[in-house]
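This report describes one strand and the sheet around it. Please consult the sequence and the model displayed here.

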Amino acid sequence: MPVREMDAEVADAAAAGGGEKREYVQQMFGQIASHYDLLNHLLSLGVDRRWRRAAIQALRVGRHPDGDYLDLCAGTLDVSAALVRTPGFTGTVLGVDFAEAMLRAGQGKVAGGPARPVVADALALPLADGSTAGVIVAFGVRNLADLDAGVREAFRVLEPGGRLVIVELSTPRSALLRLGYHAYFHHLLPALGRLVSGHGTAYRYLPQSVAHFPSGDALAARLRAAGFTNVAWHALTLGVAALHVGERA
């Protein structure tokens, strides 16, 4: 079988949560790290910045401004950098990702500040129970090889009263909006992503992973099953993304 076709099959299997997911995701992000920020802003028309700001606001760091916070699946550390610039924030941020190349690509954003990048797996965090004031995950939770295990691990490291915030891509509910969304997300975006990044399947994996990811009420139910209380969610930008929150009692 041609390599290109095999790569596409592996990407599709990974997006569906196949056994190849962890290895594929780690290697893929390592290969596109240098183009990741450019493509994020370009392909979302810059709206991704607004989504991250909404997620940071939902984290409510004012409750514990000097606490230790976790930026999970931190990628190129956009959230870590924005979090430490939040007015009144005097705490620390741990930016965790298992793709070292992504952290290296973003390390200049947090140089000299109270944010520290750490290479680690979201399913086995190097943190003590109840040691974190808040956990935020921006566009990374659908890449976990085991979503439920990742949510349970976030719950484990949260202190009582701590909040988990997830912002993730979603699929609009409006049938009319979905027509344009699918045309862009499943056809134009993969072509643009491949052209700019040079990676054959990364931006094929992206829309496929969103299609397989439990969003809305389904993700909220997974949070409750992991022990979170006061779980709530709402759509962003007509349902193109969604923001979920949950608390550890």
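Which residues point one way from β7, which point the other way, and are they buried or exposed? In this predicted model, Ala241, Leu243, Val245 and Glu247 point one way from β7, while Ala242, His244 and Gly246 point the other way. All of these residues are buried. In a regular strand, side chains alternate between the two faces of the sheet. Strand β7 spans residues 241–247, and 7 of its 7 residues are buried.

The pairings of β7, together with that of β4 and β5, are listed below.

| Strands | Sense | Bridges | Bridge partners named |
|---|---|---|---|
| β5 (residues 158–169) and β7 | antiparallel | 7 bridges | Leu164 opposite Gly246 |
| β6 (residues 229–236) and β7 | antiparallel | 6 bridges | His234 with Leu243 |
| β4 (residues 132–138) and β5 | parallel | 6 bridges | Val137 with Ile166 |

Strands β6 and β7 form a hairpin with 4 residues between them. In the turn of this hairpin, Thr237 has a positive phi of about 50°.

The wider arrangement is an open sheet of 7 strands in the order β3-β2-β1-β4-β5-β7-β6, with mixed pairing. Its edge strands are β3 (115–119) and β6, each of which pairs on one side only. On average, neighbouring strands of the sheet are turned by 15° against each other, direction ignored. Helix α9 (residues 217–225) packs on the sheet and touches β5, β6 and β7. The direction of α9 makes about 160° with that of β6.

Definitions and conventions: Residues numbered from 1 in each chain as written. Predicted model: local features only at pLDDT ≥ 70, side-chain atom pairs only at ≥ 80, totals over all residues. Heavy atoms only, no water. Buried < 20%, exposed > 50% of the residue type's maximum accessible area, 1.4 Å probe, protein only. Helix = DSSP H or I, 4+ residues; strand = E, 2+ residues; numbered from the N terminus. Pairing = 2+ DSSP bridges. Axes fitted to C-alpha atoms, helices over the stretch in contact; angles between N-to-C directions. Contact = heavy atoms within 4.5 Å.
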